[in-house]
Amino acid sequence: MGSDYGWSQLNGVYAMLCSAMWAWYRLGHDVMRAKAARALKDVYGYELHLNGGGCPWRLPGVDMDRAKAMMAALGLDPARFDGNAVALARLLDGEPDDYARLSGRAAGGGRPATGPDAGRSGVVEQFHNAFRRITSDWDAMLDRRVMDRNLEAMIPLAAHAVRVEREGGSPDLGPLLALCHD
């Protein structure tokens with residue numbers, strides 16, 4: 001894994017990982033997890049733009065407002081911004097207790113989004129875009145066909161990486177990258 005694009009872009013990577021999960025859960029009609037992933041995508045977008053990353057014309061407050069609106073739609077108090085982000089990351093990583101405690105709602109689920117589906121390509125594209133930011137030789141490292149084949153394995157690894165990062169750790173993205181090439 002190269003660092004040509006700099007670790008300062010990691011918020012952008014995590015935003016795209018959340019975007020991939022958002023698309024994946026929408027395919028499976030898992031509305032709650034899709035909304036959780038969307039809220040986290042906006043949290044990471046807020047942090048990226050707050051730190052001067054991304055498009056210079058993008059205002060961080062736009063992402064924060066969207067994240068808070070999605071948190072409210074999920075029954076969470078938008079004033080608990082950082083705590084909600086951790087609870088949503090745990091929900092995506094298969095640990096829904098924080099979300100249930102904070103929202104008063106039980107975590108539901110959709111159907112598995114497996115098999116051939118045109119929407120898979122959109123999920124793969126989000127993973128591809130994320131890893132292009134941190135892979136110096138991305139043309140040789142990233143293969144969309146391999147990523148599509150390994151998509152079911154990539155989703156939980158992405159959720160785990162996002163949870164570790166939200167909890168203040170430094171997740172190892174190596175296992176995710178290993179699923180992107182033969």
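Which residues have the most contacts inside the largest nonpolar core? In this predicted model, they are L17, M21, L88, F127, F131, V162 and L173. The core has 52 residues. Two or more of them come from each of helix 1, helix 2, helix 3, helix 4 (81-92), helix 6, helix 9 (151-166) and helix 10 (174-178). Helix 1 gives the largest share, with 12 residues. In soluble globular proteins, nonpolar side chains tend to be buried together.

L88 illustrates the contacts made by one of these core residues. Neighbours within four places in sequence are set aside here. L88 is then in contact with A36, A39, L40, M71, L74, L76 and Y99. One of these partners, A36, was examined from its own side. A36 lies in helix 2. Its relative accessibility is 0%, so A36 counts as buried. Beyond four places in sequence, the contacts of A36 are with L74, L88, L91 and L92. L74 thus recurs: it is in contact with L88 and also with A36. A158 stands 122 residues from A36 in sequence. The C-alpha atoms of A36 and A158 are 14 Å apart.

Helix 6 spans residues 120-132. F127 and F131 are among the core residues with the most contacts. Q126 also lies in helix 6. Residues up to four places away are not counted in its contacts. Q126 touches M16, S19 and A20. Helix 1 covers residues 10-27. Q126 and W22 are separated by 104 residues in sequence. In space, their C-alpha atoms are 10.0 Å apart.

Helix 6 is followed by a loop that leads to helix 7 (138-141), and T135 is found in this loop. T135 has a relative accessible area of 2%, under the 20% cut-off, and is therefore buried. The T135 side chain has a polar atom 2.7 Å from the backbone oxygen of F131. F131 is thus placed twice in this description: in the core and in the pairing with T135.

The loop between helix 1 and helix 2 holds both G28 and H29. Are these two residues buried or exposed? G28 counts as buried, because its relative accessibility is 3%. H29 is exposed, because its relative accessible area is 52%, over the 50% cut-off. The backbone of H29 has a phi near 55°. This is a positive value in a residue other than glycine. G28 and G110 are 82 residues apart in sequence. Their C-alpha atoms are 5.6 Å apart in space.

The largest pocket has a volume of about 210 Å³. Its lining comprises 14 residues. Those closest to the pocket centre are A15, K41, G45, L48 and H49. Three helices each supply at least two lining residues: helix 1 (10-27), helix 2 (31-50) and helix 3 (60-73). By residue class, the lining divides into 4 nonpolar, 5 polar and 5 charged.

Contacts of D63 include two of the residues closest to the pocket centre, G45 and H49. D63 lies in helix 3. With a relative accessible area of 3%, D63 is buried. Leaving aside neighbours within four places in sequence, D63 is in contact with D42, G45, Y46, H49 and R58. Helix 2 (31-50) and helix 3 (60-73) both contribute to the pocket lining.

The segment after helix 10 contains L179. L179 is buried, because its relative accessible area of 19% falls under the 20% cut-off. Contacts within four places in sequence are left out. The partners of L179 are then V146, M147, N150, A153, M154 and L157. Helix 9 spans residues 151-166. L179 and M21 are 158 residues apart in sequence. Their C-alpha atoms are 16 Å apart in space. M21 is one of the core residues with the most contacts.

Conventions:
Residues are numbered from 1 along each chain as its sequence is written. This is a predicted model: local features need pLDDT of at least 70, side-chain atom pairs count only at pLDDT 80 or more; totals for chains, interfaces and linings use all residues. Side-chain values use heavy atoms; hydrogens and water are left out. Helices (H or I, at least four residues) and strands (E, at least two) are DSSP runs, numbered from the N terminus. Buried means under 20% relative accessible area, exposed over 50%, partly exposed in between (1.4 Å probe, protein chains only). A polar contact is a pair of N or O atoms within 3.5 Å; within protein, one must be able to donate a hydrogen and the other to accept it, and residues adjacent in sequence count only if both atoms are side-chain atoms. On a 1 Å grid over the protein atoms alone, a cavity is a set of points where a 1.4 Å probe fits but cannot get out, and a pocket is an open set with protein on both sides within 12 Å along at least five of seven lines; lining residues have an atom within 4 Å of a point. Grid points are joined across faces, edges and corners, and a volume is the space filled by probe spheres set on the points. Ala, Val, Leu, Ile, Met, Phe, Trp, Tyr, Cys and Pro count as nonpolar, Asp, Glu, Lys and Arg as charged, and the others, Gly among them, as polar. Contact means heavy atoms within 4.5 Å. A nonpolar core is a set of buried Ala, Val, Leu, Ile, Met, Phe, Trp, Tyr and Cys residues joined through side-chain atoms within 4.5 Å.
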